[in-house]
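The following note sets out several points on helix packing and strand pairing for a colleague's consideration. Please read it alongside the sequence and the structure.

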Amino acid sequence: MKEIEEVLKDLSKKDTIIPQQIEHRIDYTLKTKQKNEINYKIRKLLTSTITIILVLLGTSGLVYGLTTAYEYFTQKTAVSNYSYDYKEDMEYMNRFYYKKITNFNDYLKYKENMSNLIEMTEEDFKDNFLLIIISTSPYMPGIYVSNIETDDKILYVEIDRDNENESQKEILSVKISNTLDRDEIHVDRAKKIPKSDGYVPLEELPKDYSKEQAVLDNCVVIYNSEVISDNKFRIEQFVENTKNNKEDFIRIVRVQDKIDYSMSIFDIQYIENEYRVYLDQTRCNNEKVQDYIYNTYSNMEISSYNMNVKLNQIELSNEFKENLCVGFYF
Amino acid sequence: MEELVKKAKEDDEAFDELINSIKSDLYCIARTRLNDMDDIADAIQDTILTCYKNIRKLKNDKVFKPWLIKILISKCNNIYNKKKKYNISIEENEMDKYIEVEDNLEKIDFEMFIKNLSPDEQTILTLYYYSGYTTKEIGHIMRKNENTIKTKIRRAKDKLRQEYGGELYERN
């Protein structure tokens, strides 16, 4: 038997596979590092200038002036670096930060920091409140509220992306009537569930849906990293079609039972230049993941790794830095 | 490495090369402290920017890598503590999704092998076995006594022995 020492040494010699998401972020950081540094220097210069100006002010205004300048600076910094500084002040949900503002004074405070907030008056706050939403992603293209719904307790705010919006709004502010005000706010991405001819919605599949039935239903079935359906070619065909901007749909069923039983069903539709993925994990033994998950992605890749044999990985990714591993197959 | 650090102080391309040469280490170490991929990316991004901002101030080029790892660990701890403070769920280990192909130990990798240890133990083993630092250097990086590091390595190995029992590691 190998000693733990030997095992650790052996394993440490293996090459590490850095996830694509991390690689992208490192590349992005290296490409933009100079811009970041220039911004930092400008801010530093601004602070120094403001401080010098304030020192020149009369004694009576000095304390007040310094306080204001300090606030202005930190808050101003937060505008260009909101992803680092504003997190502490806002609620977090589903990769969005949000803040509900119910009075004019708070609004003014935030407006100093976020110059592009929607215009509101003191009068407006009698019948409305303001919701500020920031995506956690530094690559966020334009976002907008696509729908607002309520039940007795929760205000549901659906956020969608506007791919054609070149202005790339970083901060979204929404004036909402008090009649829609609820105890809780739920912010999430708008769901566009995939559909195709003869499509049976995931929710309508029987609870005891089996891999054998999935094969009969023409799904691509990956069982313990082996494709057991005779349509393995569909995986590469789907990726190729979508790379050529051709609309396509695939249902991949991933079953594994070596460690613990789990069945994950991926409906992937490529439409309007994006991959809409609806994932059913309700048949997994792990209670923590038993859910339906919806997301959209901009890229789908099949990567090959040479382990003992060639292993392929199907992975989706998007500009939100989110990756979804659909599965591995030999 | 020292030559590259020297160049990186003056030249952006050399800086990129320097970061690319140690990105595996950065990723492996960040993985020992954080589970969420976004958090890991944030920590590495912050570390690179801090490094870029301050590399010219570094007097001794020899200590570049330990210096950078110190920054990284500090960034990771900040993110972890902030999430904890604001009660944001610290997500399940995202690498768990890769587990299904790692169902035999021929395919397992270093970070997966040690993932059940405490964050400190994982970082120390990573620095010791993966990055090749001595216990003294690790003590310096982690601001801990060298003997504490030695004890932690011994305990971590004991835990691994208990966990894996050695049974899965038959000699070829």
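1. Two strands are taken to pair if DSSP finds at least two bridges between them. The model under discussion is predicted. In chain A, β1(A) and strand β2 (residues 96–101) run antiparallel and are joined by three bridges. Within this pair, A:Y92 stands opposite A:Y97 of β2(A).

2. These strands belong to an open sheet of four strands in chain A, ordered β1-β2-β3-β6, with antiparallel pairing. The edges are occupied by β1 (91–93) and β6 (171–177) of chain A; each has a single partner strand, so one side of each lacks a neighbour in the sheet. On average, and with direction ignored, neighbouring strands of the sheet are turned by 30° against each other. In general, strands of a sheet pair through backbone hydrogen bonds, either parallel or antiparallel.

3. In chain B, helix α2 (residues 12–33) packs against helix α3 (residues 37–54) at an angle of about 140°, their axes being 11 Å apart. The two helices, α2(B) and α3(B), are therefore oblique to each other, and their crossing is right-handed. On the α2(B) side the contact is formed by B:F15, B:I19, B:L26, B:Y27, B:A30 and B:R31; α3(B) contributes B:I40, B:A43, B:I44, B:T47, B:I48 and B:Y52. By class, 10 residues of this contact are nonpolar, one is polar and one is charged.

4. Helix α2(B) also meets helix α6 (residues 119–130) of chain B, where the axes come within 7 Å and cross at roughly 160°. Angles over 145 degrees count as roughly antiparallel, and α2(B) is therefore roughly antiparallel to α6(B). This crossing, too, is right-handed. The residues in contact are B:C28, B:I29, B:T32 and B:R33 from α2(B), together with B:P119, B:Q122, B:T123, B:T126 and B:Y130 from α6(B). They comprise four nonpolar, four polar and one charged.

5. Which helix of chain A packs with α6(B) at an angle of about 75°? It is helix α1 (residues 4–13), and the axes of α1(A) and α6(B) lie 9 Å apart. The angle makes α1(A) roughly perpendicular to α6(B). Here A:L8, A:K9 and A:S12 of α1(A) touch B:L125, B:Y129 and B:Y130 of α6(B). Four of these contact residues are nonpolar, one is polar and one is charged. Residue B:Y130 thus deserves a second look: B:Y130 takes part in the contact with α1(A) and also in that with α2(B).

Technical notes
Residues are numbered from 1 along each chain as its sequence is written. Chains are lettered from A and ligands numbered from 1 in the order in which they are written. This is a predicted model: local features need pLDDT of at least 70, side-chain atom pairs count only at pLDDT 80 or more; totals for chains, interfaces and linings use all residues. Axes are lines fitted to C-alpha atoms, for helices over the stretch in contact, and angles run from 0 to 180 degrees between N-to-C directions. Angles under 35 degrees count as roughly parallel, over 145 as roughly antiparallel, 65 to 115 as roughly perpendicular and the rest as oblique. A crossing is left-handed if the near helix is turned anticlockwise from the far one by less than a right angle, and right-handed if clockwise. Two residues are in contact if their C-beta atoms, placed from the backbone, lie within 7 Å. Ala, Val, Leu, Ile, Met, Phe, Trp, Tyr, Cys and Pro count as nonpolar, Asp, Glu, Lys and Arg as charged, and the others, Gly among them, as polar.
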